[in-house]
Structure formats: structure tokens, C-alpha cells
Amino acid sequence: MNLYLKLLSGSLRSRMQYKMNFLVSSLSYGLIMAVDFVLLAAILQRFDDVKGWNLYEVGLLYGISSVAITLYRVFCVEVHNFERYMIEGEFDSLLIRPVSPLSLLLTKNLDLSRIGGTIQGILILVISIIGLKLNNVELFLLLIYLPVTIFSGVLICFSLGLITATIAFWTQRIKDFQTFTLYAPFNAANYPMNIYPGWLKIIFFTVIPVGFMNYTPVLFLLNKGGDTWNLALPPLVSIIFLFIALRFWKFGIRHYHSTGS
Amino acid sequence: MVYWILLQKSFMRNMQYKVAHLINNAASAIFGFVFIAIWIGVLQGKENESPYSALDMTYYIAAVQCILWLSGFLTAGLNIQNGVRNGAISLELARPTNFFLYVTSQEAGRLLYNLFFRSLPIGLVFFFTVGFYIPQHIPTYFFLCISILFAMIISINLHYLVGVSACWTTEINWAHFVNFTLLVGLGGQLVPIDLLPAPLSSITPYLPFAGAIYYPVMIFLEKASSDVILIQLVWVMVLTSFNLWITEKARHKLEIQGG
């Protein structure tokens, strides 16, 4: 843990050498995500709700999903950009270190420019929670549970990111896969799952289980259905999915062939 | 002609990544299904309050997902920033070709590739699943071709502008983010711009972003008169003239820096 913190602080210091670039990148990244939500707000301002979910209820889903994926992008930047290690042959250098390649990838770098998206997600969460006008008990339960659902979301996102990165052992390039395994599902998770056709719902509750991250618990927390199991499922599913992702990563490493001379 | 050869080479280069692009097309279609689901959910029982029916919005989103590959998802800064960072731009500007056409013709080749291997397959996916509008009048096809061509030129120009700004700023990530956000946000990617709240709904029709996405889609759906092509034409001329001028300024700046 000490080593991890030292590596992280080193990465942070190097990034802060370019403060202006960091600020402008963070702001502009936050702006992109904010515009997305403003457009959704424009729709819901005119049409009130989407299949029974008002703006603040959707905002809760949107905020959780945004914070989860941006935290993944901040802390797991090297896993996300893993294809570079395959294309440029840098993965060999990770294999000869006395620390596991995954630990090295997780501590090597931070993408702080994505933090603007996290802040924007938190802002949407705050606005939505205020707008929901929950009673004290509901509010207490929601605030207590929020870190759990966000952490579960980060784990699901990391697992999806790691599975996609592992594919690079065979395909080298993974950017196009990421659109399929990360961007599209997390975009879908911004909205309630009940709006999607059956086949999409099956995908989002099985092979790409983003539905468990926010929809399942929020359904119960906002009294829209389900029971206390809805609160247990996100951490449970995320841990199982993480286990599968780690096994697949190890399988990938075992089958890795370097492009040596 | 050298620019036509550059366009062809760029087309052929992209052909190397057909399989990866097909996977990406599936993701693009899923984005489309998500947006369509949002609109169907929003309009359920409220179609009389909207100028668009659920079917209209299905067609709209399906067409937008296809058009985006021609005028939305362009190379960030048309890669001009890389040349600025590694110094290669000095050589590129010294070539006996027009730098603006040299860069834009390569991107045009990529967009032509996108038409055949991105837009058409995505359109087919929508055609066989949720439905895809087929224009009913022959002149629509003629106006659609012009409108899409202008949309591509507008978008290439906007991306060129972002790229060439690297001659002054070096870093263009933020400019690309802002440009892309405005393009999809004010271009009508998720919300047709006439549904945006005032005053945005009255300003956006005259901005270049509408010319890049909204107008070609509305012409395709036969919901806009061909007059909107004039707005696109104005932006094509303004942006192209401005970029030719700014390229000369960039060349001048480079000479000073190098001297």
C-alpha cells in the first residue's frame, strides 16, 4: 500500500507540472459530460419523464454512472490504454519487474484530466438528490448507500476494462472493442433500464452487467420496486465479475507471446 | 491530381482495419438503440405534445448515427497537432502543395471509407431492426448528396481549425473536446435543434454545427426544405476562406519561429 501511495503521489506531482493544461483539459472534459446531461434535461423539461422516471431520478442514475466511469478513467488509465503496450512491445518490461504487471499498470499513471467528469457527476448527483425531495429516512439510506453503488460501478467498469485489455493479447488493438464494452454500455447505464428492449436488457444484466451498478439499487431506494436484495446485488455482482476479469487477465498473460527479434 | 491520390491512399489505408471497424459499428448501433429507446420512452403517451412521433424519432436517430460517421467522428485536429509537436509540420508546409488541401483530402478519403464501411452497414442494421426511412421523392436524393457533401466540408473545416490552432497552442485536446461537444450538442445528435429550449432553438439553426448534422438528416427525412442548403453553403465558404487565411498566418508564424 505504501508503495502504491508513493507511486501515485509521484504520478500526481508529474501531472501537476502542467497545471494550466490540467485545468483546461478537466474543464473541457467536464463540459462534454455536462452538455450531455443538459440535453437530457431539455428533453425532460418538455416531456416530464421517460417511462415514469423524472429528471432527478434519471439524474441519480446518470450521476452514479458518470462518477464510476470517470474514476475508472482517472485511476486505471494504463489499463484503458493497454493496447499501447502490445503495439509498442512495452509489455515485456512489465513482466521482468518484481511486482505483478497489473499492479504496475494501476500505479504507473493517473489521468487527472478526467477528474472534471467526476466533479460534474457529483454535481449532478447533488442537484438530483436535492430535487428528489426525499424524506429523512430515504435520504439517509441513499447517502449511506451511494459510496457502495459508486464503488461497485468502478469495479464493474474496471473489470470490463481489464477484460477488454486482455483481448489485446490476441488482437493488439482494442480501441474499437472499448466502444462496444465500455462506452456504449455506460452510456446506456445513464438511463433507466426499463426503457430498453428485452435483448438489450439481457446484455446489460449478464455479459456486460452495468444494470446492476445503479438501476438495481436505485429502483429500491426510490421505492420503484424490488427489495433489499437490490442493495446486495451491486457489490456481489461486481466482486464476481472482478474475479472473472482477473482470471481472464491471468489466462491472457499465460498466452502472451512477445514480438522479440 | 495529387489530392485525389491522397484521398485514395487514405481510403485504402482505412481498409486495413475493416474488422475492427465492423465491431465499432455494432457499438455505434447500440448507441443508436439507446437513444431511440430514450425517445420512445419519452414520447410514450405524449406524441400529441410533440412535433415528432416515436417513429419520426426512430428514423431521426437512425439517420443521425449514420451521418455522424461522415461529419461527426473526424480525426481530432486532423492530426495537424502531431506535426506541430514533432516538427514535421515545417516540412509539410514547405511542400509544393496546398497544406489545407493536403490535410483535408486525406480526411476526405477516410470519410469516403466511412460512407461505405460505417454509415451504410449501420444504416442496414437499423433497416432490418427498428426501421430506416427511405426518401419518397427523387429530388430529395439530389439535395441529400449536396447537403452531405457540405456537411462533410463544414466538419472538416471545423476540425482543421482546431488542428491548425496547435501552431499557437501546441495542445489541442481541450479545443477538440469543445468542438466535438458543440458539434453533437448543437448539431442535433440527440435532440433535434427545434426542440431545444429558447433561445438556443432560434440561434442554433444559423450555426455551422446544424449544417454538419441536423440539416442533412432533415433533408433525408424530407422534413426540411432544400433552402437550408444555402445556410450550409455560406458556412462552407466562410470556414474554407478563413482556414486558407489562417494557414497562411500559421506558415508565417512558422517562418518566424524557425528563423
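Is B:Leu78 buried or exposed, going by its C-beta neighbours inside 10 Å? Before I answer, please keep in mind that what we have here is a predicted model.

B:Leu78 counts as buried, because 22 C-beta neighbours are found inside 10 Å of this residue, and the threshold for that label is 20 or more. As for where to look, B:Leu78 sits in chain B, in the loop between α3, which covers 54-71, and α4, which covers 80-86. The backbone deserves some attention here, since B:Leu78 is not a glycine and yet has a positive phi of about 50 degrees.

Let me turn to B:Asn79, which is likewise placed in the loop between α3 and α4 of chain B. B:Asn79, again not a glycine, has a positive phi of about 65 degrees, but with 15 other C-beta atoms within 10 Å this residue is described as partly exposed.

Another backbone feature in chain B is the cis peptide bond that runs from B:Ala198 to B:Pro199, where omega is near 0 degrees. B:Pro199 itself belongs to the loop between α9 (173-186) and α10 (200-203) of that chain.

Finally, I would like to come to the interior. The largest nonpolar core contains 156 residues, and the ones with the most contacts inside it are A:Ala68, A:Cys157 and B:Ala63. Helix α2 of chain B, residues 18-43, supplies the largest share of this core, namely 14 residues. If we take A:Ala68 and set aside its neighbours within four places in sequence, its contacts are A:Ile150, A:Gly153, A:Val154, A:Cys157 and A:Met213.

Note on methods
Residues are numbered from 1 along each chain as its sequence is written. Chains are lettered from A and ligands numbered from 1 in the order in which they are written. This is a predicted model: local features need pLDDT of at least 70, side-chain atom pairs count only at pLDDT 80 or more; totals for chains, interfaces and linings use all residues. Helices (H or I, at least four residues) and strands (E, at least two) are DSSP runs, numbered from the N terminus. A residue is buried if 20 or more other C-beta atoms lie within 10 Å of its own, exposed if 12 or fewer, and partly exposed in between; C-beta atoms are placed from the backbone. A nonpolar core is a set of buried Ala, Val, Leu, Ile, Met, Phe, Trp, Tyr and Cys residues joined through C-beta atoms within 7 Å. Two residues are in contact if their C-beta atoms, placed from the backbone, lie within 7 Å.
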